[in-house]
Amino acid sequence: MKLLTRISELPPALRASISDEERIFIESLEARNLLPFAVTEFYASLSGTDPLDPIRRQCIPSPHEGLRLPLELDDPLGEERYPAAPRLVHQYYDRVLLLAHGTCAGYCRHCFRRVWTSGLRGFVTDRELDAIQAYLGQHPEVQEVLVSGGDPLMGSDERLRALFVRLRQGRPGILLRLGSRVPVMAPERITDALVHLFQEFRPLRLVLHLNHPRELAPPVVQALGSLVSSGIPVHTQTVLLRGVNDSVAVLAELFRSCLTLGLSPYYLFQGDLAPGTAHFRVPLRRALELYRQLGLQISGLALPKFALDLPGGGGKVHLHENSIEDEYVDPSGQRLYRIRGRDGNLWSYPAED
Ligand SMILES: *Cc1c(COP(=O)(O)O)cnc(C)c1O
């Protein structure tokens, strides 16, 4: 997979579309300790040159990322509140999240785990796996490991195999759920050997991060086809992103295409309160209205759950049109919605315009 990390490496038309303001911002990312710039050659080839192009918006850093709002959090999901072992988050009863790899094939400009991924950690080590394996052994209630990151498919086949072997050693049959954007960023990574590896370690499911119908370009469709036809269930998760997919027509096309390809739309996420991502967030009331209209138009099979991670560790809630219970203004003047969490308590989420 070919990774581009400099403007000068971009395809000529895309390179020519980079404004001076963007160039200065991109060149400052490292010094400011912000999410690095990296895009695969393949994903860059899908991008148009208009600054409003939905692919370009997801891969070319915008100076808006330099604006951090007071309500934005380094750890928007509160994952650090549920540590189980190194890289392991145990928040929900029967499943754990494993941050198996530190890096990604390319950095999505809306990344919610950007503080973690900016740390450029590598693949989970043997020593870390000792602790992870011990934890799984002591927690028989855990039936599923979400292998995420970063992107786990940045690891070689050998490392992935070693990881899967270790996870299954103490707990034969534990379900593996891999979260990845690699089939979209670098479809050539989905080789026959990788597909065979997945088959060998069933039960194994892939959850694909997919945001726009144009990401389903022919090489991506081919890669996904080889997974699906090999019996690997593929689900999708989509982030609702302003200027990328915040219309009923785009989302309907995306989710219908998923069904056609044999993928199951699983989650549509409200944007998290990650630093420097305000320009991507859709105001929650508007998001709920979009989702309501989407539900009136498309098959139930094509409609993912619309979910919000309550900031500060409240967990995921599945939203519907009446999810906002009430609205108030805090002492700083910030308007907030009250939403009921899985724990039955009311949590807050900011009202943005
Ligand atoms: C989203 C998430 C899960 C998985 O939740 P599901 O409801 O099974 O999709 C597990 N652990 C953490 C920490 C999560 O954020």
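Student: How much space lies in the second largest cavity?
Tutor: About 30 Å³. The model is predicted, and the count comes to two cavities of 30 Å³ or more.

Student: What lines the second largest cavity?
Tutor: Its lining is made up of P76, G271, D272, L273, L308, D309, P311 and Y349. By class these are five nonpolar, one polar and two charged residues. G271 goes to the polar class because Gly is counted there.

Student: What volume does the largest cavity have, and what makes it a cavity?
Tutor: The volume is about 1,000 Å³. The term applies because a 1.4 Å probe fits at its points but cannot get out.

Student: Which residues lie nearest the centre of the largest cavity, and which strands supply its lining?
Tutor: F112, R113, S148, Q237 and F269 lie nearest the centre, in a lining of 50 residues. Strands β4 (88-92), β5 (95-99), β6 (144-148), β7 (175-180), β8 (204-209), β9 (234-239) and β10 (264-269) each supply at least two residues. β7 gives the most, with four. The lining as a whole has 24 nonpolar, 15 polar and 11 charged residues.

Student: How much space lies in the largest pocket, and what makes it a pocket rather than a cavity?
Tutor: About 340 Å³. It is called a pocket because its set of points is open, whereas the probe cannot get out of a cavity. Of its 14 lining residues, I26, L29, E30, P36 and F37 are the closest to the centre. The lining divides into seven nonpolar, four polar and three charged residues.

Student: Which residues are around the ligand?
Tutor: They are V89, Q91, Y92, R95, L97, L146, R177, Y266, Y267, K316 and R342. Each is listed because one of its heavy atoms lies within 4 Å of the ligand.

Student: How do you know that R95 makes a polar contact with the ligand?
Tutor: A side-chain N or O atom of R95 is 2.6 Å from an oxygen atom of the ligand. The cut-off for such a pair is 3.5 Å, so the R95 pair qualifies. Y267 has a polar side-chain atom 2.9 Å from a ligand oxygen, and for K316 the distance is 3.0 Å. Both are within 3.5 Å, so these count as well.

Student: Why is E79 called buried?
Tutor: Its relative accessibility is 11%. Buried means under 20%, so E79 belongs in that class. E79 sits in the loop between α4 (54-59) and β3 (83-85). Beyond its neighbours within four places in sequence, E79 is in contact with V89, L97, F112 and R113. The side chains of E79 and R113 are joined by a polar contact of 2.7 Å.

Student: Why does T238 count as buried?
Tutor: The relative accessible area of T238 is 0%, under the limit of 20%, so the label follows. T238 is in strand β9. Leaving out residues up to four places away, T238 touches L210, N211, N245, L254, F255, Y267, L268 and F269.

Student: What makes R286 partly exposed?
Tutor: Its value is 36%, which is neither under 20% nor over 50%, so R286 falls in between. R286 belongs to helix α12 (residues 284-297). The side chain of R286 reaches the backbone oxygen of D246 at 3.0 Å. That is within 3.5 Å, so the pair meets the distance limit for a polar contact.

Student: What is notable about phi of N33 and of R87?
Tutor: Phi of N33 is near 60 degrees and phi of R87 is near 65 degrees. Most residues other than glycine have a negative phi. N33 lies in the loop between α2 (20-28) and β2 (39-40), and R87 in the loop between β3 and β4. N33 is exposed because its relative accessible area of 64% is over 50%. R87, at 14%, is under 20% and therefore buried.

Student: Is the peptide bond from G149 to G150 cis or trans?
Tutor: Cis, with omega near 15 degrees. G150 is in the loop between β6 and α7 (157-170). The bond from R202 to P203 is also cis, with omega near 5 degrees. P203 lies in the loop between α9 (192-200) and β8. Most peptide bonds are trans.

Terms used. Residues numbered from 1 in each chain as written. Predicted model: local features only at pLDDT ≥ 70, side-chain atom pairs only at ≥ 80, totals over all residues. Heavy atoms only, no water. 1 Å grid on protein atoms, 1.4 Å probe; cavity = no way out; pocket = protein on both sides within 12 Å on 5 of 7 lines; lining within 4 Å. Points joined across faces, edges and corners; volume = space filled by probe spheres on them. Buried < 20%, exposed > 50% of the residue type's maximum accessible area, 1.4 Å probe, protein only. Polar contact = N/O pair within 3.5 Å; in protein donor to acceptor, adjacent residues only side chain to side chain. Contact = heavy atoms within 4.5 Å.
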